[in-house]
Amino acid sequence: MTRFEAVLFDAGDTLIRLSGSGETLLHRAAADRGAGPLDPDEVGAAWQRVLDRSSTAEEMAKGRDLDPERHRQVWTALYAEAGCDKLLPGLSDDLYALTVAAESWEAFEDSLPTLRGLRARGLRIGVVSDTGFDLRPALDRLGLTPYLDTIVMSFEHGACKPAVTCFTTAAERLGVAPERTLMVGDNPLTDSGAVTAGMFAFLLPKPSPAGPRGLTHVLSLV
């Protein structure tokens with residue numbers, strides 16, 4: 001008998017990711033406003049500042065993934081502080097609208113095959129994500145939802161990973177014991193909280209710019 005009865009996945013940068021780069025979104029936001037081409041060097045520098053600041057302890061402590069309005073406020077402020085509004089006034093608001101839009105997200109090429117493989121083996125499947133906006137429209141658009149038995153999102157749950165309740169809530173909804181559950185993610189600081197919940201964890205490396213995510217390795221574990 002297989003060790004696992006259920007597999008939980010992180011969402012962003014595990015099953016799905018923003019299409020293109022942050023620079024691509026900035027250029028698109030400006031184009032949607034009817035603005036002329038932005039300076040590529042300035043756009044690259046602004047987005048690098050976003051990347052450098054977005055994962056700091058100070059930013060993470062602002063509770064952006066616990067409330068949709070707070071999520072919008074924190075991210076638009078971060079975009080503005082990184083210099084996006086200097087590129088074009090109001091660009092931070094437009095950039096935020098793009099980042100939460102369902103059409104801005106894509107699935108990794110091995111996401112659907114992996115979910116299909118798990119379903120064919122009779123496993124229960126869930127998503128546990130730290131997010132301040134609803135990922136369901138993106139998951140629906142990308143065809144992932146039919147394979148998901150539960151979705152636990154931090155802004156609805158009132159807690160972020162690595163809080164144990166994020167993982168145990170998902171397991172309870174699936175009707176599977178934690179010790180029979182595998183968590184798949186990419187962040188050792190958050191997704192490894194599954195271990196504290198009594199689960200097993202499989203952590204993926206940083207994703208490549210193109211190609212599969214490496215999710216098919218999960219099939220060899222179940």
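1. Let me start with burial: of the 222 residues in the protein chain, 47% are buried. Bear in mind that this is a predicted model, so read every value below as computed from that prediction.

2. Overall build. I see 12 helices and 7 strands in the protein chain. The radius of gyration is 18 Å, close to the 17 Å the globule rule gives for 222 residues, so the chain is as compact as a globular protein of that length. Along the principal axes, the C-alpha atoms fill a box of roughly 60 × 30 × 25 Å. Taking the contacts with a separation of 6 or more, 69% are between residues 24 or more positions apart.

3. Surface and charge. About 10,200 Å² of the protein chain is exposed, and carbon and sulfur atoms supply 54% of that area. The chain carries 22 positive and 31 negative charges, and the mean positions of the two sets lie 4 Å apart.

4. Cysteines. How many disulfides are there? The count comes to 0. Cys160 shows the reason for its own case: the closest cysteine sulfur, in Cys166, is 6.6 Å from the sulfur of Cys160, which is too far for a bond, because a disulfide needs the two sulfur atoms within 2.5 Å. As for accessibility, Cys160 is partly exposed, with a relative accessible area of 25%, whereas Cys84 is buried at 0%.

5. Backbone oddities. Most residues other than glycine have a negative phi, and most peptide bonds are trans. Two spots here are worth a look against that background. The peptide bond joining Lys161 and Pro162 is cis, with omega about 15 degrees; Pro162 sits in the loop between α9 (154-157) and α10 (164-174). Asp13, in turn, has a positive phi, near 70 degrees. Asp13 belongs to the loop between β1 (6-9) and β2, and its relative accessible area of 35% makes it partly exposed.

6. Arg17. Is this arginine buried or exposed? Arg17 counts as buried, at 13% relative accessibility, because the cut-off for buried is under 20%. Its place is strand β2 (residues 16-18). Leaving out residues up to four places away in sequence, Arg17 touches Ser104, Trp105, Glu106 and Phe108, and also Pro207, Ser208, Pro209 and Ala210.

7. Ile125. This one lies in strand β4 (residues 124-129) and is buried, with 0% relative accessibility. Not counting residues up to four places away in sequence, Ile125 touches Val7, Phe9, Leu115, Leu118, Arg119, Tyr147, Leu148, Asp149, Thr150 and Leu174. The Leu174 partner is 49 residues from Ile125 in sequence, with 7.8 Å between their C-alpha atoms.

8. His27. Which residues does His27 touch, once those up to four places away in sequence are set aside? They are Leu38, Pro40 and Val43. His27 is placed in helix α1 (residues 22-32) and is partly exposed, at 30% relative accessible area. If you want a longer-range reference point, the C-alpha atoms of His27 and Asp94 are separated by 11 Å, and the two residues are 67 apart along the chain.

Notes. Residues are numbered from 1 along each chain as its sequence is written. This is a predicted model: local features need pLDDT of at least 70, side-chain atom pairs count only at pLDDT 80 or more; totals for chains, interfaces and linings use all residues. Side-chain values use heavy atoms; hydrogens and water are left out. Buried means under 20% relative accessible area, exposed over 50%, partly exposed in between (1.4 Å probe, protein chains only). Helices (H or I, at least four residues) and strands (E, at least two) are DSSP runs, numbered from the N terminus. Contact means heavy atoms within 4.5 Å. The radius of gyration is taken over C-alpha atoms; the globule rule is 2.2 Å times the number of residues to the power 0.38. Accessible areas come from the Shrake-Rupley method with a 1.4 Å probe; for residues, only the protein chains shown count as cover. Lys and Arg count as positive and Asp and Glu as negative; His and the chain ends are not counted. The place of a charge is taken as NZ of Lys, CZ of Arg, CG of Asp or CD of Glu.
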